[in-house]
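Reader: I am new to this structure and would be grateful for a close look at one part of it. Please choose a suitable starting point and proceed from there to the surrounding elements.

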Amino acid sequence: MNTRQYTQKSLEAIERAQQIALENGNMQIEQEHLLYALIDQDDGLIGQLLIKMNIDADDVLAALDNVIAKIPRVSGPGREPGKVYISQSVDKTMNAAEKEAKQMTDEYISVEHIMLAIITNATDSTKQILNQYGITKNAFLDVLKKVRSHNRVTTDSPEATYDALKKYGYDLVERARAQKIGPVIGRDAEIRNTIRILSR
């Protein structure tokens, strides 16, 4: 794996997946570790895209936790501390991510390429979680296109050029602190209208 081909966030996710495997006493990085790392990333694109898909990222992480807890643990004198391997499924995923980047004419392999590669090369347990939450390639690509627009990944930090949270969402806590959110009490009609529009 040529690390110079990957964006900073991609490398962060791979390192975090390794940490998750180590924390759980697993011998190798599995797809579930990698998917967890992608979704759980601070200011990460994948978590924000799931929100745009009306998917609760915390629910997906909880489901992944359950699967990771069932991965066999290895301990004792035969285990080398701090050493984990890459599973065949993750190796296949990383190769597929490289192809996704080429198809999208991007210069770096970014988190969205890895996510698309996971979706298209999902193991049975990963596929079960993706299906459970309606995470399909088409649905993911739809929100990705809105966020990326016509931007290409030409740097190792593309999130700066298409920050999904700042462009397409609001930090409600920040807005509440700045007193930019109006009161909810007494606005029953607006709330009903909003719910009706969102449920179409």
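Author: A suitable starting point is N121, which counts as partly exposed because its relative accessibility is 21%, whereas buried would require a value under 20%. The model is a predicted one, and each value below is computed from it. N121 lies in the loop between α6 and α7. Leaving aside residues up to four places away in sequence, N121 touches Q31, K92 and A96. With K92, the separation in sequence is 29 residues, while the two C-alpha atoms are 7.6 Å apart in space.

From this loop one may turn to helix α6, which comprises residues 111-120, and to its packing against helix α8, residues 137-148. Two packed helices are described by the angle between their axes and the distance between the axes. Here the angle is about 170 degrees and the axes are 10 Å apart. The helices α6 and α8 are therefore roughly antiparallel. On the α6 side, the residues that meet α8 are E112, H113, M115, L116, I119 and T120. Their counterparts in α8 are K137, F140, L141, L144 and R148. By character, the residues of this contact are six nonpolar, two polar and three charged.

Helix α8 itself has twelve residues and spans 16 Å from its first C-alpha to its last, close to the 16 Å expected at 1.5 Å a residue. Buried within α8 are F140, L141, V143, L144, V147 and R148. Just after the helix, S149 adopts a positive phi of about 55 degrees.

F140 also leads to the largest nonpolar core, which has 49 residues; together with I39 and I135, F140 touches the most other members. Two or more residues of this core come from each of α1 (8-23), α2 (31-39), α3, α4 (57-69), α5 (88-103), α6, α7 (124-132) and α8. The largest share, seven residues, is that of α6.

I39 shows another region of the model. Apart from residues up to four places away in sequence, I39 touches I46, G47, L50, A57, V60, L61 and L64. Of these partners, I46, G47 and L50 are among the buried residues of helix α3, residues 45-52, where L45 and L49 are buried as well. Following α3 is N54, which has a positive phi near 60 degrees.

Note on methods: Residues are numbered from 1 along each chain as its sequence is written. This is a predicted model: local features need pLDDT of at least 70, side-chain atom pairs count only at pLDDT 80 or more; totals for chains, interfaces and linings use all residues. Side-chain values use heavy atoms; hydrogens and water are left out. Buried means under 20% relative accessible area, exposed over 50%, partly exposed in between (1.4 Å probe, protein chains only). Helices (H or I, at least four residues) and strands (E, at least two) are DSSP runs, numbered from the N terminus. Axes are lines fitted to C-alpha atoms, for helices over the stretch in contact, and angles run from 0 to 180 degrees between N-to-C directions. Angles under 35 degrees count as roughly parallel, over 145 as roughly antiparallel, 65 to 115 as roughly perpendicular and the rest as oblique. Contact means heavy atoms within 4.5 Å. Ala, Val, Leu, Ile, Met, Phe, Trp, Tyr, Cys and Pro count as nonpolar, Asp, Glu, Lys and Arg as charged, and the others, Gly among them, as polar. A nonpolar core is a set of buried Ala, Val, Leu, Ile, Met, Phe, Trp, Tyr and Cys residues joined through side-chain atoms within 4.5 Å. The expected span of a helix is 1.5 Å times one less than its number of residues.
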